[in-house]
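Take a look at the chain below before reading on. Turn it around and find its two ends.

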Amino acid sequence: MREWIKKGLFHISDYFDDNTMFMAVRRGMVMMIPLLVSGALALMLISLPIPMYQEFLSGLWNGRVVEFLRFIQSASFGFFAVGLALMTSYSYAMLRQREKRGGQGDAVMVMLITMVSLIGFSGIQEGDFSVAALGTNNIFTALFIALVCSTMFFRIKEKRLFRIRQRGMEADDCYAEAVSGIVPALLIVSFFAIFRQIFVSFFRVDSVQGLLEVVVSRLLCSIENGLVVAIVILLLAHFMWLFGIHGSNVLEPLMQENFVQISAGAVYNKTFQDVFVLMGGTGSILCLVLAILLFSKKGSIRNVAKLSFPTAIFNISEIIAFGLPVILNPIFVIPYLLVPVVLCVISYAAIYVGLVPHVVHQVEWTTPVFLSGYLATGSIAGSILQAVGLAVGVLIYLPFLRLFEERDERQLVKNVKALTGELQRQEAENAIMPLTERRDVLGGVARVLAADLKDAVRDKKLFFLYQPQVDTEENCMGAEVLIRWIHPIAGFIYPPLIIQLAKEEKLLHDIEAYLFDEAAHAVSEIEKTIHTEFKISVNITNESLAWEDFERCLADKVRKYNVPPRRLWLEITEQDALVSSEEMLDKIQRLKEQGHKFLIDDFGMGHTSLMYLQTSHFGVVKLDGSLTRDVLQNNRNKDIIAAITELGKSLHFETIAEYVETQEQKNKLLELGCNGFQGYYYSKPIPLAELVSWMEQHQGKS
């Protein structure tokens, strides 16, 4: 049963992640976090119920500090609906652009139409218009209009109906975008003009949220104040929150009208709800924050919890609700609805039977937990009841947190595979673009991996393997050292992805210093057992050669282990070799004079000149795997390899064939003139201790 539920939740989560509308709402909410937190923090500072603090605050700068905080609160919350509508429509347009079905101009046009529709729908044309209609109490309407505008805009454009011909200005992109938006803008704004009239005529309200408030009020009008009405209100508010609708704001008029005043006979009221149920904010989110901090081992999730903890203490839940996220997350549906209900029942029962005094004082919702319990009841029993509620909530959230982490890990593995595929595609096209700068899912995964890579480099979690190389007599002439990283969740990481992320995060030099140390240490260890000539080769990049301390770092490692430079070879890819500057080539020459030998890796005559082979900088060419893999089937590859090896004889460089996997392949490469071989036919990459044993069994005669 548990596996069936888990599978169902994972399936729904995948659907949400792939649904443009849900993703647009989630991203729109995330973009509004700075305003939410700024406004809530200002409200918290204004409302902190400590008399000495309030007296001190009101006297600061003749009350101007209070006005300063109110400005922040009003600026953040006053036009929140407009900002949310704009960010949601922008997110929708960007998601469509990612799907190659929209452009930057479409995003601007959708945002403009959304803003006009929202302001018009809110009644700016009426004499009794109030800017309050554009604040936090109108979030539902903002989301509704943003999604309808965005969906209609792109569908109208895709249908190509009512198109206006653009005579003589087709080359002006700005003009073309503007003209293409005329019909969608007219139709969408007209739709909402009609929609508003329907609301006013049939429902006697002027907004979707207003209608929702009326429906909720009528549903609850016949229910007397008590546990049942408390549970209904909680479920309604949290159900709306799960879809990104500010349920507390939707129900605010109902709460203000019926449940603000404290009465001796009723247990439930707004203060009771804020103090004993919504600890940390909607969804009793402080329970989830504590569950993460106490039990989660995932750094990224813990970071969100640490960031949200200070505000959750003051019942501001937006950071973790939108940042984890909880909103639009099917895995947290059950605990998000269940925890407030359970805490409500426990608290209601404790007060009803007399274990805790009734709420006797109204308390601002931003009052910190424990303090609020004491102030509301006038007893330490109120704080103890809050502690019990937090413990129960943590236990309820915990199994769902585990499920969320499992799903998150599953998604990470899937996305890392997609990121690897994208890098391999770019490699094939010889057009590598920064991965961490992408604004899509793969970019997010790249940034997560880059952060984990930084930790792995710091903690020395990268490791190195060695792949032997043999000569024509199948004697081992050395090995290539290869970097490896086993991510704790995603597993084996494609080595070129490690290097690409290291370049983007400025970690490459740290990795190379570690690599040079490992290679020099390997040479010193092998020398203790192997007395024939051998070498260890390491891969470097253009960034390595441009590194100011490159020569010094390499010399330090050679000196540290007292190894001869001739046994430490340096490989640079053909692509990097082609863009090497004169300064880099001078550095190569100096290192060569010290005894190091340079190799051109991934060499293929199909996309380069041979200018560097005419110099004495490079003594070895390693054939591109695309040439050697198909040598038995592809006559063109045979001709290219034969030409390279023949050129090597006249220009005095050796040729090593990589990706040798069969005896037949090796024989053909030997026949074509290759001087060395490397691949799974001889050995997979192995640890240093195994390499020493392997070399002992394949020693040369010299």
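The paragraphs below go from the whole chain down to single residues.

Keep in mind that this is a predicted model. The chain has 702 residues, and 52% of them are buried. It holds 32 helices and ten strands. Its accessible surface comes to about 32,900 Å². Carbon and sulfur atoms account for 59% of that surface. Now consider which residues touch. Take the contacts between residues at least 6 apart in sequence. Of these, 71% join residues at least 24 apart.

Next, look inside. In soluble globular proteins, nonpolar side chains tend to be buried together. Here the largest nonpolar core has 86 residues. Leu288, Leu324 and Tyr397 have the most contacts inside this core. Which helix gives the core its largest share? Helix H8, residues 139–159, does, with eleven residues. Another core lies apart from this one and has 81 residues. Among them are Ala479, Trp485, Ile511 and Leu672. Go back to Leu288 for a closer view. Leaving out residues up to four places away in sequence, Leu288 touches Ile320, Leu324, Val326, Phe332 and Tyr397.

Now find helix H15, residues 270–277. How many of its eight residues are buried? Eight of the eight are, so the helix is largely enclosed by the rest of the structure. The buried set includes nonpolar names such as Phe272, Val275, Phe276 and Val277. It also includes Lys270, Thr271, Gln273 and Asp274. At the start of H15, look at Asn269. One of its side-chain oxygens reaches to within 3.1 Å of the backbone nitrogen of Thr271.

Two charged residues of H15 deserve a stop. The side chains of Lys270 and Asp274 meet in a salt bridge, at 2.9 Å from N to O. These residues are four apart in the helix, so about one helical turn separates them. Lys270 has 18% relative accessibility, and the cut-off for buried is under 20%, so Lys270 counts as buried. Asp274, at 10%, counts as buried too.

A search of the whole structure finds 26 salt bridges. Move on to Asp517 for two of them. Its side chain meets that of Lys557 in a salt bridge, at 3.7 Å from N to O. This pair links distant parts of the chain. Lys557 sits in helix H26, residues 550–561, and Asp517 in helix H24, residues 508–527. They are 40 residues apart. Are Lys557 and Asp517 buried or exposed? Both are buried. Asp517 also forms a salt bridge with Lys560, where the closest N and O atoms are 2.8 Å apart. That pair again joins helix H24 to helix H26, across 43 residues. The two partners sit in unlike settings. Asp517 is buried, with a relative accessible area of 16%. Lys560 has 53% relative accessibility, so Lys560 counts as exposed. Elsewhere, salt bridges form a network that links Glu422, Arg425, Glu429 and Arg438.

Now compare a charged residue without such a partner. Lys587 lies in helix H28, residues 582–594. Lys587 is buried yet has no salt bridge. How far away is the nearest side chain of opposite charge? It belongs to Glu551, 4.6 Å away. A salt bridge needs the nitrogen and oxygen within 4 Å, so this pair does not count. What does the side chain of Lys587 reach instead? It reaches the backbone oxygen of Trp547, at 3.1 Å. Lys587 touches Leu545, Ala546, Trp547, Phe550 and Glu551, not counting residues up to four places away in sequence.

End with a loop. Leu507 is found between helix H23, residues 495–504, and H24. Leu507 counts as buried, at 6% relative accessibility. Which residues does Leu507 contact, leaving aside neighbours within four places in sequence? They are Ala450, Leu453, Lys454 and Ala502. Lys454 is 53 residues away from Leu507 along the chain. Still, the C-alpha atoms of these two are separated by 7.1 Å.

Technical notes. Residues are numbered from 1 along each chain as its sequence is written. This is a predicted model: local features need pLDDT of at least 70, side-chain atom pairs count only at pLDDT 80 or more; totals for chains, interfaces and linings use all residues. Side-chain values use heavy atoms; hydrogens and water are left out. Buried means under 20% relative accessible area, exposed over 50%, partly exposed in between (1.4 Å probe, protein chains only). Lys and Arg count as positive and Asp and Glu as negative; His and the chain ends are not counted. A polar contact is a pair of N or O atoms within 3.5 Å; within protein, one must be able to donate a hydrogen and the other to accept it, and residues adjacent in sequence count only if both atoms are side-chain atoms. Contact means heavy atoms within 4.5 Å. Accessible areas come from the Shrake-Rupley method with a 1.4 Å probe; for residues, only the protein chains shown count as cover. A nonpolar core is a set of buried Ala, Val, Leu, Ile, Met, Phe, Trp, Tyr and Cys residues joined through side-chain atoms within 4.5 Å.
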